[in-house]
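Hello,

Here is the structure I promised to pass on to you, and my notes on it follow underneath. Please keep it open while you read, so that you can look up each part as it comes.

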Amino acid sequence: LSSVKLEDIYFDEKRGPVLVVSGADILDGTPIYDIKPYLPYTDAHPEAKGSFAEEHKADRIEVVFPEELLGELPEDLRERVKAVLAQDPRAAYNKKPDYVYGMSFAGYDIRFVADGERLVVKEIVKLSEEDFQKVK
């Protein structure tokens, strides 16, 4: 993982959008995958700016977690999984209605749907030790 500075963005006819960064210990032309915004409230570069992510750090979504499903989790995980779901773990580009989402959490696959402005947990599947090691 690297924290880099975005120096420039331009469009190239062959390659499409090009991001020019500095501060990475890589060879010129090395592809960079999975770019995330800088979050000054979690990262340690006090002089950096948070950009668009800063305005969303307190965003939360209502979570409906039926008691019978919540009871399938160990007591010490219940509030933590609800707190993670409240941050809406769906990808920003994938907010489809009528779609079952899944989130791995402490050895469980938490499956939920989006119902308007809330997430509704539909199923909890305990992962086998082998499956848990794959997502760990």
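The accessible surface of the chain in this predicted model comes to about 10,500 Å², and carbon and sulfur atoms account for 52% of that surface. Of the 136 residues in the chain, 24% are buried.

As for the fold, the chain has three helices and six strands, and their order, read from the N terminus, is β-β-β-α-α-β-β-β-α. The radius of gyration is 19 Å, whereas the globule rule gives 14 Å for 136 residues, and the chain is therefore more spread out than a compact globule. The C-alpha trace spans about 55 × 35 × 35 Å along its principal axes. If you take the contacts between residues at least 6 apart in sequence, 32% of them join residues that are at least 24 apart.

I then looked at helix H2, which covers residues 75–86 and has Leu77, Val81, Leu85 and Ala86 as its buried residues. These buried residues lie on the same side of H2, because the arc that they cover around the axis is only 165°. On the other side of H2, Asp76 and Glu79 are exposed. What do the buried residues of H2 pack against? Their partners are strand E3 (62–64), strand E4 (101–105), strand E5 (108–114) and strand E6 (118–126). After H2 comes Asp88, which has a positive phi, near 60°.

Finally, the chain carries 19 positive and 28 negative charges, and the mean positions of these two groups are 1 Å apart.

Best wishes

Technical notes:
Residues are numbered from 1 along each chain as its sequence is written. This is a predicted model: local features need pLDDT of at least 70, side-chain atom pairs count only at pLDDT 80 or more; totals for chains, interfaces and linings use all residues. Side-chain values use heavy atoms; hydrogens and water are left out. Buried means under 20% relative accessible area, exposed over 50%, partly exposed in between (1.4 Å probe, protein chains only). Helices (H or I, at least four residues) and strands (E, at least two) are DSSP runs, numbered from the N terminus. The arc is that of the directions from the helix axis to the C-beta atoms. Contact means heavy atoms within 4.5 Å. The radius of gyration is taken over C-alpha atoms; the globule rule is 2.2 Å times the number of residues to the power 0.38. Accessible areas come from the Shrake-Rupley method with a 1.4 Å probe; for residues, only the protein chains shown count as cover. Lys and Arg count as positive and Asp and Glu as negative; His and the chain ends are not counted. The place of a charge is taken as NZ of Lys, CZ of Arg, CG of Asp or CD of Glu.
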